[in-house]
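Thanks, everyone; I would like to take a few minutes on one model, and I will bring it up on the screen now so that you can follow along.

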Amino acid sequence: MFILSSIGRLATEFSAARARYQTERAIHSLPIELQKDIGWPEAADAKAGLHYGVGTWAGAK
């Protein structure tokens, strides 16, 4: 049973990371001015060309 609960937990974390990534992609596709209007915190970073990926979802707790 321990293995099944671990797999379930990992699947839940992956699903949340994927949803977060899709939301970030949608917001990043908006114009910078609109991102600033909604208060997106990385609007200034996006303008500078910085990108933070989802690749760290497993290690981030």
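With salt bridges, the count in this predicted model comes to one. The partners are Glu-13 and Arg-9, whose side chains meet with an N to O distance of 3.3 Å, and that pair qualifies because the cut-off is 4 Å between the side-chain nitrogen and the carboxyl oxygen. Why are these two placed to meet? Glu-13 and Arg-9 sit four residues apart in helix α1, which covers residues 2-28, and so they are separated by about one helical turn. In general, an α-helix has 3.6 residues a turn, so residues three or four places apart point the same way, and side chains of opposite charge can pair when their charged atoms come close. As for their surroundings, Glu-13 is partly exposed at 22% relative accessibility, and Arg-9 is also partly exposed, with a relative accessible area of 42%.

Staying with α1, its 27 residues should span 39 Å at 1.5 Å a residue, and the C-alpha atoms at its ends are indeed 39 Å apart, so the expected and computed values agree. Within α1, Ser-6, Ala-17 and Ile-27 are buried, and the buried residues of this helix pack against α2.

That brings me to α2, which runs over residues 32-38 and includes Gln-35. Is Gln-35 buried or exposed? With a relative accessible area of 1%, Gln-35 is buried, and what its side chain finds there is a polar partner in the backbone: one of its polar atoms lies 3.3 Å from the backbone oxygen of His-28.

Note on methods. Residues are numbered from 1 along each chain as its sequence is written. This is a predicted model: local features need pLDDT of at least 70, side-chain atom pairs count only at pLDDT 80 or more; totals for chains, interfaces and linings use all residues. Side-chain values use heavy atoms; hydrogens and water are left out. Helices (H or I, at least four residues) and strands (E, at least two) are DSSP runs, numbered from the N terminus. Buried means under 20% relative accessible area, exposed over 50%, partly exposed in between (1.4 Å probe, protein chains only). A polar contact is a pair of N or O atoms within 3.5 Å; within protein, one must be able to donate a hydrogen and the other to accept it, and residues adjacent in sequence count only if both atoms are side-chain atoms. The expected span of a helix is 1.5 Å times one less than its number of residues. Contact means heavy atoms within 4.5 Å.
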